[in-house]
Amino acid sequence: MDFTLTSYQRLLGALQSQSYRFQTFQQFLPAPNSRTVVLRHDVDLLPQNSLAFAQIQRQAGIRGTYYFRAVPESWNEAIIREIADLGHEIGYHYECLTTCGGDLEASIRDFDKNLTALRKIAPVQTICMHGSPMSKYDSKDLWKKYSYQDFGIMGEPYFDVDFSKVLYLTDTGRRWNGENVSVRDKVSSGFSFQFQNTNEIVRASVEGKLPDQIMFTFHPQRWTNDVFLWTKELVFQNMKNIIKRHFFMRR
């Protein structure tokens, strides 16, 4: 069964067995290791699942990056602090153009307010756009007028990673080959991998077929060993994929 904590631990173990080092995005930006993995986690929902990921990584001696949205279903101050205390990076998962209805001036004020609030909980040096697939607004467009560097931000993955050199693997759509159901979580890649499941990534790692630099994006709400919650997420995500494919991917 895929998208379980067990399969996640198997993936981490496979990467460690191949001598990959793990960096937070904040660490990667100024000094990327020659053989490295960046574990990015978009905390869209169920922040307790992200805490489970953070605890697994701590036990394995690994650090990751966790991006929290400024909405109640993501923003849990106690969990944010606990993940930061475990040694992981905290970042802001912004979606300001969606929440502010496309108003650029209102959006940048909202960005500043939420970033300031998050920095009262933990240090924040990087940000990452939340795709908001049901919205017509792409929050990355905020930076056509403004500069996130003006807010003391080191980087944003969609702007500051050369994905012709860094393999990007994302579980968007609850699949590893979800380009057809991804509205905005896309990059211009220099690679042609098409993985059907986590086991295929594990196998490719063990066989030495993966490149030296990799960024993963996980949505931890999708990963659980609880059969009921696993099935619920599977059904929900399949329905969501159908909606995105037929109504939003055609815009």
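This tour moves through the structure in a series of selections, from the whole chain to individual side chains.

The model is predicted, so local features are described at pLDDT of at least 70 and side-chain atom pairs at pLDDT 80 or more, while totals for chains, interfaces and linings use all residues. Residues are numbered from 1 along each chain as its sequence is written, and side-chain values use heavy atoms, with hydrogens and water left out.

**The whole chain**

Begin with the complete protein, displayed as a cartoon. Its secondary structure comprises nine helices and seven strands; these are DSSP runs numbered from the N terminus, helices being H or I of at least four residues and strands E of at least two. The C-alpha atoms fill a box of roughly 50 × 40 × 35 Å along the principal axes. The radius of gyration is 17 Å, which agrees with the value near 18 Å for a compact globule of 251 residues. That radius is taken over C-alpha atoms, and the globule rule is 2.2 Å times the number of residues to the power 0.38.

Of the 251 residues, 52% count as buried. Buried means under 20% relative accessible area, exposed over 50%, and partly exposed in between, with a 1.4 Å probe and protein chains only. Among contacts with a separation of 6 or more, 76% are between residues 24 or more positions apart; a contact means heavy atoms within 4.5 Å.

**Strand S3 and its neighbours**

Select residues 65-68, strand S3. Thr 65 and Tyr 67 lie on one side, Tyr 66 and Phe 68 on the other, and all are buried.

Add residues 36-43, strand S2, which runs parallel to S3 and is joined to S3 by four bridges; strands pair if DSSP finds at least two bridges between them. Val 43 stands opposite Phe 68. With helix H3 (residues 47-60), S2 and S3 make a right-handed β-α-β unit. Right-handed here means that, with the strands pointing away from the viewer, the path from the first strand over the helix to the second runs clockwise.

Next, add residues 89-94, strand S4, which pairs with S3 in the parallel sense over four bridges. Glu 89 is the bridge partner of Thr 65. Helix H4 (residues 77-85) completes another right-handed β-α-β unit with S3 and S4.

**Strands S6 and S7**

Move to residues 167-170, strand S6. Leu 167 and Leu 169 point one way, Tyr 168 and Thr 170 the other way, and all are buried. Strand S7 (residues 213-218) pairs with S6 in the parallel sense over four bridges, and Thr 217 in S7 is the bridge partner of Thr 170.

**Aromatic rings**

Now display Phe, Tyr and Trp. Rings pair if their centres lie within 6.5 Å, using the six-membered ring of Trp; planes under 30 degrees apart count as stacked, over 60 as edge-to-face and the rest as tilted. The count comes to 23 aromatic pairs. Tyr 148 and Phe 159 have ring centres 6.1 Å apart and planes at 45°, so this pair is tilted. Tyr 148 lies in the loop between strand S5 (124-129) and helix H7 (157-160), and Phe 159 in helix H7, 11 residues apart. Tyr 148 is buried at 5% relative accessibility, whereas Phe 159 is partly exposed at 41%.

Phe 218 and Trp 223 have centres 5.7 Å apart and planes at 70°, so this pair is edge-to-face. Both belong to one aromatic cluster, together with Phe 3, Tyr 8, Phe 53, Trp 176 and Phe 216.

**A charge over a ring**

Finally, select Arg 35, which lies over the face of Tyr 20 at 4.0 Å from the ring centre. The criterion is NZ of Lys or CZ of Arg within 6 Å of the ring centre and within 35 degrees of the ring normal.
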